[in-house]
Amino acid sequence: MSMNTQGRPSAPTEAGGTAAHETFTGNKALQMEEALIFEIGRNDVCGVDLEEPEDFTPALGGHARRAELDLPALTEPEAMRHYVRLSSKNYAIDAGLYPLGSCTMKHNPRLNEKMARLPGFADVHPLQPRSTVTGAVEMIAELAHWLVTLTGMEAVAMSPKAGAHGELCGMMAIKAAHTAAGRDPKVVLVPESAHGTNPATAALLGYKVVSIEAREDGTVDTRAVQDRIAEHAGNIAGIMLTNPNTCGLFERDIIAIAEAIHAADGYFYCDGANFNAIVGKARPGDLGVDAMHINLHKTFSTPHGGGGPGSGPVVLSERLAPFAPLPFLRKGANGPEWIESAAELLDGEQPFGRMTAFHGQMGMYVRALAYMKSHGADGLRQASEDAVLNANYVRVGLEDLMSLPFGSRWCMHEVLFDDSFLKDTGVTTLDFAKAMIDEGYHPMTMYFPLVVHGAMLIEPTESESRAALDLFIATMRDLVMSAQRGETGRFKGAPFHAPRARLDETRAARKPVLKWERPAASEVQPQAAE
Amino acid sequence: MRYLPLSDTDRADMRARVGVSDINEIFVDIPESARLDGLLDLPLHQSEFAVERDMARMAAKNVAASSVPFFVGAGAYKHHVPASVDHLIQRSEFLTSYTPYQPEVTQGTLQYLFEFQTQVAALTGMEVANASMYDGSTATAEAVLMAHRVTRRNKAVLSGGLHPQYRSVAEGLSEMAGDRVVSLAADPLGAEDILAAIDDETSCVVVQSPNFYGQLVDLKPIADKAHAHGALLIAVFTEVVSLGLIEPPGAQGADIVVGEGQSIGNGLNFGGPYVGLFATRQKFIRQMPGRLCGETVDANGKRGYVLTLSTREQHIRRDKATSNICTNSGLCCLAFTIHMTLLGGNGLATLARINHASAVKLKAVLEEVPGVSVLNDTFFNEFTVKLPKPAAGVIEELAKRGVLGGVPVSRLEPGQAELEPLLLVAASEVNSDEDRAAFAAALKEVLA
């Protein structure tokens with residue numbers, strides 16, 4: 001029994017009254033409602049102390065702002081409270097298991113955050129004199145060395161800002177290589193199970209996307225690739241293939257597929273989103289890959305940050321390396337050189353252009369390198385083995401109750417279930433996922449990949465302990481059995497304990513409200529007298 | 001290994017449960033010829049302390065902006081960011097959360113995105129803004145693609161006052177996508193005739209203000225000419241603080257406004273991560289790239305927020321999507337909105353006046369150095385000076401004297417002799433009278 005400061009005993013048995021009532025504030029103890037800054041801020045306060053400059057003669061010409069900028073402010077204590085309250089409405093890796101398949105929600109080490117904030121990295125301008133940033137170039141070169149060594153590739157284009165940006169970079173390099181060879185093929189092959197970014201990227205560059213169906217075991221059949229190549233003979237730009245694929249399976253015919261694409265004068269783009277499964281176990285360079293982006297925010301632990309910033313360096317084969325965009329690293333006689341402009345090029349270097357201003361996601365590079373150095377070659381391999389072991393442990397723990405679309409076989413770092421175990425229960429994949437929220441879990445990836453009905457893709461990552469996995473498995477089993485017993489009340493309308501119940505997405509899309517509008521005076525309701 | 005919770009005992013028990021004696025049995029689908037037996041030739045694991053020492057050694061070789069008189073800009077700017085901003089973005093619930101696809105448990109992220117969109121729309125004078133892009137340069141390239149979709153044309157006209165690297169990004173993507181780009185020559189004197197470049201095939205005109213050389217540009221006549229020809233005006237900025245003081249592009253007829261938001265909430269970080277801002281008119285929202293957050297209600301009628309209009313996006317539309325973008329700038333966008341909330345509109349206006357005043361003082365101080373002249377007749381916090389010798393050598397000499405004195409135009413526009421004497425210098429609230437005096441004294445010495 002605990003004692004409060006007055007020495008009065010406090011015990012659950014003393015609790016009286018009813019548990020379920022609407023509170024006056026709408027808050028539920030630690031779960032606070034929070035208004036918008038536009039409703040609580042004022043235009044006559046400021047959270048930053050700023051001294052008006054002494055009188056001076058402006059040089060704005062006739063360009064001065066005419067209307068005042070009508071945005072309210074919060075002072076520091078109010079701002080702290082606003083954002084801390086908002087943060088409490090978010091699920092996070094630090095709070096619980098986050099089994100989003102294909103997203104690799106692993107632990108984000110705090111050493112990485114500390115390193116990224118060293119003034120020598122964080123407080124350095126991208127265009128300050130080169131003699132004052134030699135350590136920054138050294139750091140990028142070291143990260144590049146790790147990336148090409150882990151992947152067995154020739155070079156790496158560092159600057160892409162995210163995974164999809166990396167895909168774009170890789171496909172632009174492929175297009176540039178075709179152009180340099182005097183070719184203009186129009187077709188990119190993309191398996192049905194691919195991430196949506198793959199066909200979107202290919203289409204953005206004017207390619208015709210030709211789909212490859214998966215065979216019964218969830219992987220791509222070399223024969224299907226050969227058939228598509230034959231149908232589009234002489235017109236194949238390349239293939240975009242994810243490996244391990246989005247069904248959590250290693251494409252075992254990958255070398256034969258690469259050879260078929262190369263024989264057709266195409267290039268092999270590998271979507272590296274799932275590289276976390278095979279670091280230190282296999283190198284994409286040994287599998288025939290020509291270009292692959294690496295999501296530093298997945299495999300190398302830089303934080304997802306609620307949707308960014310990401311970072312997507314692209315490793316390139318010897319054939320594509322000359323086309324790497326500016327800026328790129330050159331292996332100079334006196335160490336690595338950072339090449340920024342066309343004026344610095346040597347013979348044979350044919351960058352296709354530039355993906356972004358400046359040098360890419362430096363802050364993410366620092367975090368990723370700190371992660372790599374912490375793990376080392378041994379720890380990185382161990383992490384991949386643990387990620388794969390954890391996924392298989394979950395698979396074995398659930399496969400008798402949930403349904404595996406491709407039968408009981410080894411998975412890589414994630415395990416894919418379909419919804420046939422929910423047949424005739426009245427519970428959908430969505431209901432099931434939302435009920436997981438009430439149990440304190442973020443849902444797994446749902447309805448992706450598209451090749452499986454009602455897909456549920458679970459990626460536990462290497463960051464989960466055995467005890468955490470055991471509880472997760474037990475919870476999932478309880479939910480499955482509950483659904484199969486017909487206890488739909490637990491699923492329909494779930495979640496019941498989250499900060500919000502299910503949100504009306506149709507309404508949001510039908511008449512989009514994308515910003516706060518000051519209510520017209522006539523719409524302001526007088527406060528009801530209590 | 002400190003980040004891996006499984007013990008060797010756990011691993012052995014779990015392998016037994018899974019049904020293998022050796023973990024490699026699970027990796028059986030990897031072709032035998034490609035399986036790695038030993039470890040790759042990379043260092044082994046290191047303690048936190050050892051990694052910290054190693055990283056700090058490299059960081060120490062760089063000169064931090066705060067440690068010297070600092071006047072470097074050209075698209076990234078040194079400003080003071082309140083301590084609370086960096087503290088808040090490191091809250092686990094923000095830092096280690098995913099994209100808010102499950103709105104019931106991500107209202108924190110969604111609400112700040114909604115607030116961010118409202119702030120960006122107000123700042124730019126536009127009707128709607130998205131939930132951020134990678135950075136200003138990629139936002140510019142995406143804006144060009146969007147203008148092609150809206151106008152069903154494919155010829156973009158880029159001003160010679162556009163940041164040269166923004167121009168490269170937009171040119172590269174457009175050319176690869178099979179579109180046409182007309183890029184006007186570098187324009188340090190504000191002499192270009194962009195109106196003459198607009199015709200009935202033009203999809204968009206891309207104009208930066210303050211431009212790369214610091215000059216403020218009157219967008220209104222360009223918007224009028226563009227609209228008369230059925231084209232869109234894309235207005236670009238690289239210094240978002242300027243919007244506290246100058247007329248927003250939305251009030252001058254811009255159809256799409258894009259820019260770099262780094263100055264608010266975000267550090268220099270050697271060029272990234274930054275936060276791209278993207279705003280447009282309500283009628284174009286279905287052609288916008290990137291994420292959008294919208295207001296709605298939950299099943300109990302309570303107000304809440306969701307990602308919306310996702311039928312534009314790649315995960316739904318695949319090869320028919322408006323963009324291949326999957327990520328926004330998350331934490332950088334959060335840092336922006338927190339700093340903006342601390343400032344408010346009036347605070348931003350004051351900050352902008354301080355920046356402008358700092359630049360006016362800097363101009364006066366530098367003009368007293370023999371041989372130095374300023375090209376601009378208007379500017380916000382950055383302007384172009386003409387030196388009596390190539391700027392590239394001058395800034396290295398200044399660096400030896402402990403002053404980081406700007407960006408030579410030739411670094412971004414190489415190979416043009418007339419640009420070699422030009423130096424871009426930026427001022428902000430962090431510069432003191434002593435900093436300016438040190439800059440002028442060092443410059444005088446270097447040019448002597």
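Which residue is the bridge partner of T445(A) in β14(A)? In this predicted model, the partner is L457(A).

**The small sheet of chain A**

The pairing of T445(A) with L457(A) belongs to the junction between β13(A) and strand β14 (residues 456-458) of chain A, two strands that run antiparallel and are joined by two bridges. These strands sit in an open sheet of three strands, ordered β12-β14-β13 (chain A) and paired in antiparallel fashion. The edges of the sheet are formed by β12 (415-417) and β13 (445-446) of chain A, each of which pairs on one side only.

**A residue in helix α9 of chain A**

A260(A) lies within helix α9 of chain A, which covers residues 254-263. Is A260(A) buried or exposed? A260(A) counts as buried because 23 C-beta neighbours fall inside 10 Å, where 20 or more are required. Leaving aside residues up to four places away in sequence, A260(A) touches T222(A), V225(A), Q226(A) and I229(A). D470(A), by contrast, is 210 residues from A260(A) in sequence and 43 Å from it in space, taken from C-alpha to C-alpha.

**Chain B as a whole**

The secondary structure of chain B consists of 13 helices and 13 strands. Its radius of gyration is 25 Å, close to the 22 Å that the globule rule gives for 448 residues, so chain B is as compact as a globular protein of that length. The C-alpha trace of chain B spans about 80 × 55 × 50 Å along its principal axes, and 64% of the 448 residues count as buried. Of the contacts in chain B between residues at least 6 apart in sequence, 72% join residues that are at least 24 apart.

**Domains of chain B**

Chain B is divided into domain 1 (65-80 + 344-447) and domain 2 (83-339), and the centres of these domains, taken over C-alpha atoms, are separated by 27 Å. The contact between them draws 29 residues from domain 1 of chain B and 23 residues from domain 2 of chain B. On the side of domain 1 that touches domain 2, at least two residues each come from α10, β11 (382-386), α12 (409-412) and β13 (422-426) of chain B; α10(B) gives the most to this side, with seven residues.

**The side of chain B that touches chain A**

In the contact between the chains, 165 residues of chain B meet 175 residues of chain A. Helix α10 (residues 330-367) of chain B gives the most to the side of chain B that touches chain A, with 20 residues. The table sets out the residue classes for this side and for the side of domain 1 that touches domain 2 within chain B.

| Side | Nonpolar | Polar | Charged |
|---|---|---|---|
| Chain B, touching chain A | 83 residues | 54 residues | 28 residues |
| Domain 1 of chain B, touching domain 2 of chain B | 16 residues | nine residues | four residues |

**The nonpolar core**

The largest nonpolar core holds 320 residues, and the members that touch the most other members are V156(A), A173(A), L316(A), V205(B), V206(B), L233(B) and I234(B). V206(B), one of these, touches T140(B), V144(B), A156(B), V157(B), L158(B), S159(B), L162(B), A170(B), I234(B) and V236(B), when residues up to four places away in sequence are not counted. I234(B) therefore appears both among the contacts of V206(B) and among the core members that touch the most others.

Definitions and conventions: Residues numbered from 1 in each chain as written. Chains lettered and ligands numbered in written order. Predicted model: local features only at pLDDT ≥ 70, side-chain atom pairs only at ≥ 80, totals over all residues. Core = buried A, V, L, I, M, F, W, Y, C linked by C-beta atoms within 7 Å. Buried ≥ 20, exposed ≤ 12 C-beta atoms within 10 Å, placed from the backbone. Contact = placed C-beta atoms within 7 Å. Helix = DSSP H or I, 4+ residues; strand = E, 2+ residues; numbered from the N terminus. Nonpolar A, V, L, I, M, F, W, Y, C, P; charged D, E, K, R; others polar. Domains from an automatic or database assignment. Rg over C-alpha atoms; globule rule 2.2 N^0.38 Å. Pairing = 2+ DSSP bridges.
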